[in-house]
Structure formats: structure tokens, C-alpha cells
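Let's take a stroll through this protein chain, one spot at a time. Keep the 3D view open and turn it as you read.

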Amino acid sequence: MKTGTLGARTLPQRYFISADIFAGEQERIFAAQWLCAGHQGQITKPGEYFLQNIIGESVIILRDQAGQVRAFFNVCRHRGTRLCEETSGRFHETLQCPYHAWTYALDGRLVGAPHMDKVEGFEKGDHSLNPVALGLWEGFIFLNFAKNPMPLEKAFAPLAGKFTHWNLPNLRSARRIEYDVRANWKLIFENYSECYHCPLVHPALSKLTPYDSAENDLCEGPFLGGYMPIVKGQSLTVSGKACALPVGDIKAEDHHRVFYYSIFPNMLFSMHPDYVMVHQIWPQLPERSLILCDWFFHPDAFGKPNFNPDDAIEFWDMTNRQDWHVCELSQQGIASRAYRPGPYSPRETIPAAWDREYLRVMGEGI
């Protein structure tokens, strides 16, 4: 297998514009891999839920009465009606179909089905909600549609214990911004995974962290990335100062570093000393991606007089939009008949590695 960028070139045009390849990605990747769907902090109380749309499926993610996080297809077992329309909220002790009042406990069991006691052989136990495989990693909720998915703990074994000191399960999101980007989802990952573009595209970011300073420790496979130094005494914020309490028990040297990791196929994971930023990438069309971006902070930071989350959010909202703009320009150019795959530079080893992982999962030649 190739490593680094020696001889590596960007992907051919068809991977960014073909409806057939996009459909293949939905089945081979998004219906078969562990996907980040949110954080346990979104549902802290029994009955709280939110909906997630994935490859045309609506999934209810909730916390049951025992405190366990569960996921179910948003489909009644009677006649297939959508059970839930509101994108988030709180059930009491049950959820009920709005069509014929079939009623389910929060663990998915059918507990009420009017008049079905008159149907010979009908057993409530045979009609529980259809579950979706769910796993938790550092407080983040992952779903998998595969029939027999590899256990999340095994799939994520290379990351075991790597980020424990960042206190990720206990962090709280201060804000979410949704971005509708007119670019293929792969371009988002490739852009995130290098800072070759930073001096021109991100002048404010480049003043706070040198663009050519990346130290990568995960360089092949589904988990990629490393850290970049932050100018000492500063943070990646509009003011350049820390905007909140440290997020966890961070090592001394890490107070001057920002860590960037991608988790294949839909999570971008950026850890700063005072906050954590997470992007979820949801492909919509070959040339369109929905991106959900959350900013997480230590729970004790909320309400403190020096808590200023907007200092970080405004900085990265500006930086995000700069990235999305150049991704859209890339999409437009790649769609041209003049496009041919170009060579990666030595500063683009992680995008080249991401392409290799993508092709491997797609079952195509490397």
C-alpha cells in the first residue's frame, strides 16, 4: 500500500459528481460503518430524545427510564407510520403512534395495541420497535445499520484511552450551527485534513497556529490526525484568549496545542484546551453536504463570569465558512471537463491517507 504522498493524486472526477458512486457510498459506507449521531449530553433525562436522519432513515435516539441510551427506527410496527415528528423533545413514559395509538415503552417494547387482543396469535412481544445498533465512545453516540456490525469497542480499539483526559463524556454543547455546503462530502474531509491552504484561506487562524507545524500521530486507516501548536498564552478565539475553563485534566504541553482528528466516515474532531469542536458530515447529494457543528465546554464553565463561548464560536464560524467556500470552488472546478487528478504535496499526507481508506472501504483499487 502507498503511504505518504509519493505518487499520490487526488481522486478522479467521478467520485465527486457521479450519482451511482454516491448511491454506492450510501450502502457501502453510511449503511455499514459506525456513524457519529450526537452526544449523550443532548439527552440527559429519561424520555429525552432527538431524531437523526441517515441515508433516508429517521432514527429516534432516546434515554430510557433506566438511563440507557437507545436508538430505534422511527417506524410503527403496525402500518409503518412515523411515530415522531418533532426533531427533539421529551417523552413521558411511552411513545405513541399518532395513527392507531400503538404505544411503546422507552425500551422499545409494545405495551399497548387497541383491539389487537382480538387477533388470533397476536403477541405484543413480537412487535417491539426495530432497534438500530448503538454504541458510545467518549460520550459520543454512534449508530450502525449493518446486520452484524463489528462491536464499537473493537472498531475503535486504536483510540482506547487516547482522549480520556479531555473529559469528553461530560462536556456540554453551547451551540450548534448547521451548514448547507454545495460540495461533495469527501472534499470536506480532505480540506479539514491539511493546512497547506491556511495562509491564503485562513489568515486569522495562521496568526495563531503555524500552518506548517502539524505533528500527526495517526497516519493511516479510519482514524487520522494529530496536533498543531498554538502561540503560547493564546487560544483559537477572536480575542486570542482562553474563553472558558480547561475542558479536562489536560497535560501541560497540551495547553498550547490544538488536536485535529477525523473519524471515518462522518466525524471531524477538534480539541482545544478550553473547548472541543465537533463536525458531523451528512452527504445529501453528490454535490451537497449538510454539516452540523457543535462547540463543547466544561459543564462548570457555564455561568462563570469569564465564560465567553462566542469568542470561540465566532472564530470558527468564520473559519468554517472560509473552508466551505473553497470546498464549493473545488466542487465547481472538479465538475469541469478540464479537471484531471492532481498530485498531492508533502503537506497533504493525511488527505492522501484518507483517500486510501475511502477506496479500501469502497472495495476499489488503491
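## Two buried rings

Start with Trp 137 and Phe 163, which are both buried in this predicted model. How do the two rings face each other? A pair of aromatic rings is described by the distance of the centres and the angle of the planes. For Trp 137 and Phe 163, the centres lie 6.0 Å apart and the planes meet at 85°, so we call the pair edge-to-face. The two rings come from distant parts of the chain, 26 residues apart. Trp 137 belongs to strand 9, while Phe 163 sits in the loop between helix 3 (152-155) and strand 11 (172-181).

They have company, too. Ring pairs tie Trp 137 and Phe 163 into a cluster with Phe 140, Phe 142, Phe 156, Phe 223, Tyr 261, Phe 269 and Phe 296.

## More rings, and two charges

Across the whole structure, a search turns up 32 aromatic pairs. One of them is Tyr 15 with Tyr 358, an edge-to-face pair with 5.8 Å from centre to centre and 85° between the planes. This pair really does link distant parts of the chain: Tyr 15 is in helix 1 (residues 14-17) and Tyr 358 is in helix 8 (residues 349-362), 343 residues apart. Are these two tyrosines buried or exposed? Tyr 15 is buried, and Tyr 358 is as well.

Rings can also have a charged group over them. Look for Arg 172, which lies over the face of Phe 302 at 4.0 Å from the ring centre. Then find Lys 186: its charged end sits over the ring of Phe 16, 5.4 Å from the centre.

## A helix tucked inside

Lys 186 also takes us to helix 4, as it is one of the buried residues there. How many of the residues of helix 4 (residues 185-192) are buried? Eight of the eight are, so the helix is largely enclosed by the rest of the structure. Along with Lys 186, the buried set holds Trp 185, Leu 187, Ile 188, Phe 189, Glu 190, Asn 191 and Tyr 192.

A bit of background helps when you look at a helix like this. An α-helix has 3.6 residues a turn, so residues three or four places apart point the same way.

## A three-strand sheet

Now back to the strand that holds Trp 137. Strand 9 is part of an open sheet of three strands, in the order 1-10-9, with antiparallel pairing. Which strands stand at the edges? They are strand 1 (35-39) and strand 9 (133-137), and each has a single partner strand, so one side of each is left without a neighbour in the sheet. On average, neighbouring strands of this sheet are turned by 30° against each other, direction ignored.

Zoom in on strand 1 and strand 10 (residues 140-144), and you'll find four bridges between them, in the antiparallel sense. Leu 35, for example, has Leu 143 in strand 10 as its bridge partner. If you're following side chains, remember that in a regular strand they alternate between the two faces of the sheet.

## Two hairpins in a row

Strand 15 (267-271) and strand 16 (residues 276-285) form a hairpin, with four residues between them. The two strands run antiparallel and are joined by five bridges. Here Met 271 stands opposite Val 276 in strand 16.

Strand 16 then makes a hairpin with strand 17 (residues 288-297), with two residues in between. How many bridges join strand 16 to strand 17? There are nine, and the strands run antiparallel. Gln 280 stands opposite Leu 292 in strand 17. Strand 16 is mostly covered, with eight of its ten residues buried.

## Odd backbone spots

A few places in the backbone deserve a look. Phe 264 and Pro 265 are joined by a cis peptide bond, with omega at about 10°. Pro 265 is in the loop between strand 14 (257-263) and strand 15.

Two residues other than glycine have a positive phi. Glu 138 has phi near 50°, and its place is the loop between strand 9 and strand 10. Asn 167 has phi of about 65°, and it is found in the loop between helix 3 and strand 11. Why does Asn 167 count as buried? The cut-off for buried is under 20% relative accessible area, and Asn 167 is at 18%, so it counts as buried. Glu 138 is buried too, with a relative accessible area of 18%.

Terms used:
Residues are numbered from 1 along each chain as its sequence is written. This is a predicted model: local features need pLDDT of at least 70, side-chain atom pairs count only at pLDDT 80 or more; totals for chains, interfaces and linings use all residues. Side-chain values use heavy atoms; hydrogens and water are left out. Buried means under 20% relative accessible area, exposed over 50%, partly exposed in between (1.4 Å probe, protein chains only). Two strands pair if DSSP finds at least two bridges between them. Axes are lines fitted to C-alpha atoms, for helices over the stretch in contact, and angles run from 0 to 180 degrees between N-to-C directions. Rings of Phe, Tyr and Trp (its six-membered ring) pair if their centres lie within 6.5 Å; planes under 30 degrees apart count as stacked, over 60 as edge-to-face and the rest as tilted. A charge sits over a ring if NZ of Lys or CZ of Arg is within 6 Å of the ring centre and within 35 degrees of the ring normal.
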